[in-house]
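Hi,

Here is the structure I promised to pass on. Have a look at it first, and my notes follow underneath.

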Amino acid sequence: MPELRTQTMTVNMGPQHPSTHGVLRLVLELDGEIVVSASTTIGYLHTGIEKTAEQKKWQQVIPLVERMDYLSAQSNSFGFALSVEKLLGIEVPERVRWIRVLLAELQRINSHLVWLATHGLEIGAVSVMLYCFRERELLLNVNEMIAGFRMFPSYIRIGGLREDLPAGFHDAVRAFLDRFPAKLDEYEDLLTQNEIWIRRTRDVGRLSKEEALALALVGPIARAAGLPYDVRKAFPYSGYETFEFDVPAGTRGDVYDRYLVRMEEMRQSVRICRQALERITPAGAYDIQDFRIVPPPKDRVYTEMEALIQHFLLYSQGFTVPAGEVYVPVEGPRGEHGFYVVSDGTNRPWRIKARAPSFYACQALPPLIVGGLIADVIAVIGSTDVVMGDVDR
Amino acid sequence: MDTATIVSILQKSAPDVSLEAATAIDQPTLVVPRERLVDVCHALRHEPELDFGLLADVTAVDWWPREPRFAIIYHLACVETTAVGAPKRLRLKVLVPGADARVPTVSEIWPSANWAEREVWDLVGIVFDGHPDLRRLLMPDDWEGHPLRKDYPVQVAVPAKVAEPLQLTPEQFVANIEASRVRTGPAPSGEAARVPARPPGATPSDEGGPA
């Protein structure tokens, strides 16, 4: 009998593959079902936001950065606003800090819900997708309520918030927080003990703590591997040190542990949201009231000449930011997220650079999928929760 | 951990390096000479008292037309709770002239630098000597120039392509509709058949990028 000869097969996956969360191209070399090598091509969503931002006035950058990581818009604007505020040397009022924390945690739940929905869908748990989008709708309604925009509210501004909270905000958020933990249990009923789910995710795409740190995968991926680093605890910002919450950590660093970590993070976010909601008074200061940086309230703009002039100046010339550089990391839904902001003392940024957690997660894909089955590629990509808008910017 | 402590620990392992503390309002910042970058990074990574295990990001700032033109920025952090003084952060800065925009790679010390340095090469045009795979990352492979440089044009002046306005006589208009109908009989002939469905010059051009 002649000897059987085997050869590897090269498969092109993407850029428009439904499981790649955007446009990511993978070239996989397969030996049967085993992935022998993988290479990643990114850049299909590169829109030059960092270059565009250099042409914009500071306040105009907020909507731009929100479109980087489009599933967690307010984590982008939060990080950017914190960096610029640090350069300006201003401190926002306490109430603004609590509102921002609340919004950031709602945004985390929102983003994790999309992650769970798509991740489940790709592995075959289709009903989870519908369940998650049902609850996400409520969060998008909250966004619509505060800003009239569901995905990119641009509500967090440099120096505070766009305007005060609308009537009914507390009730809407409280209704969500009361409803959501039971729904989380519902998702867990569907998945956590599900034999198919466990067999698709247990010991798949394993990553050790050391590897995660070397590849800069700080965030849920590193926590699933047992590195309990959370920016909210290590480098607190916006008053996070005053909130009570736990940082979940896994031990095995596989897809299943990443699932468990993110589920627990949602529970902890609910905890933080409840504390924040307690502290937010229905009406009060919503920005720093320094009209060189934030516009005067509309009722004054319409009735006072000085306020009108100030409003006009702010929107035509913007404000200047002292020369310097600053990097303030925040804990986004995908990990350490932050903006390195450089000012030359003018009314436009000299350079902004986003520290994009998805970028590093995408870099780590080949080591995660090589050696595994091709069917697991989908599970691994889903578990890293990459958002291509964040990778390519 | 403040800048002076970090410098004093670094001086032990690399005594001949001139380290300059820069003023920054958010975290300790060191300016490192390019020639000793790898030595300093190695010490920062492996010295037990420093143990900066996380290279959070690499980026570059173009200060054109000033010199030294480029500043390459490394954001380091120590996030292991068992380490000395953790958590702590440090920013490294390497200043290089515009005529010689190259620095050694640190991707052997922190593997996360691989793509980060590729992005800096792609967008700012800094050459990372010794990098295992210095190709463009975000821009297409055949792209010319480095978009985040300050002398890179923001809006490229390409002559506007003006399409001929679509002006049809009533007869042509009717003939156009007739021509697009599915026919069972013989094909139309004469004037009506020659009316183009699309005005000339209105075809989209696929030329992109800077001139």
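To start with a small detail: which residue takes a positive phi in the hairpin of strand 2 and strand 3 of chain A? That would be Gly32(A), with phi near 65°, in a hairpin that has 2 residues between its strands. Do keep in mind that this is a predicted model.

The hairpin belongs to an open sheet of 3 strands in chain A, ordered 1-2-3 with antiparallel pairing. Strand 1 and strand 3 sit at the edges with a single partner strand each, so one side of each has no neighbour in the sheet. On average, neighbouring strands here are turned by 20° against each other, ignoring direction.

Going through the pairs, strand 1 (residues 9-13) of chain A is joined to strand 2 (residues 25-31) by 5 bridges. Met9(A), for instance, has Leu30(A) in strand 2 as its bridge partner. Between strand 2 and strand 3 (residues 34-41) of chain A there are 7 bridges. Across that pair, Leu28(A) stands opposite Ala38(A), and Glu29(A) stands opposite Ser37(A). A general point to have in mind when you look at those two pairs: in a regular strand, side chains alternate between the two faces of the sheet.

Next, helix 4 of chain A, which covers residues 94-123. Its 30 residues reach 43 Å from the first C-alpha to the last, close to the 44 Å expected at 1.5 Å a residue. Of those 30 residues, 27 are buried, so helix 4 of chain A is largely enclosed by the rest of the structure. Just after the helix comes Gly124(A), with a positive phi of about 120°.

That helix also matters for the count in the core. The largest nonpolar core has 157 residues, and the ones with the most contacts inside it are Leu217(A), Leu54(B) and Ile126(B). Helix 4 of chain A supplies the largest share of this core, 14 residues. If you want to look around one of those three, try Ile126(B): beyond its neighbours within four places in sequence, its contacts include Ala60(B), Phe70(B), Ile72(B), Val103(B) and Trp121(B). Arg102(B) is also in contact with Ile126(B).

Now chain B as a whole. Its secondary structure comes to 5 helices and 7 strands, and from the N terminus on the elements run α-β-β-α-β-β-β-β-α-β-α-α. Buried residues make up 29% of its 211 residues. Among the contacts in chain B between residues at least 6 apart in sequence, 55% join residues at least 24 apart.

Last, how do the chains meet? 25 residues of chain B are in contact with 31 residues of chain A. On the chain B side, strand 3 (54-62), strand 4 (70-78) and helix 3 (113-124) each supply at least two residues. Strand 3 of chain B gives the most, with 6 residues. By class, the side of chain B that touches chain A has 18 nonpolar, 5 polar and 2 charged residues.

That's the lot from me. Shout if anything is unclear.

Cheers

Conventions. Residues numbered from 1 in each chain as written. Chains lettered and ligands numbered in written order. Predicted model: local features only at pLDDT ≥ 70, side-chain atom pairs only at ≥ 80, totals over all residues. Contact = placed C-beta atoms within 7 Å. Helix = DSSP H or I, 4+ residues; strand = E, 2+ residues; numbered from the N terminus. Nonpolar A, V, L, I, M, F, W, Y, C, P; charged D, E, K, R; others polar. Core = buried A, V, L, I, M, F, W, Y, C linked by C-beta atoms within 7 Å. Buried ≥ 20, exposed ≤ 12 C-beta atoms within 10 Å, placed from the backbone. Pairing = 2+ DSSP bridges. Axes fitted to C-alpha atoms, helices over the stretch in contact; angles between N-to-C directions. Expected span 1.5 Å × (residues − 1).
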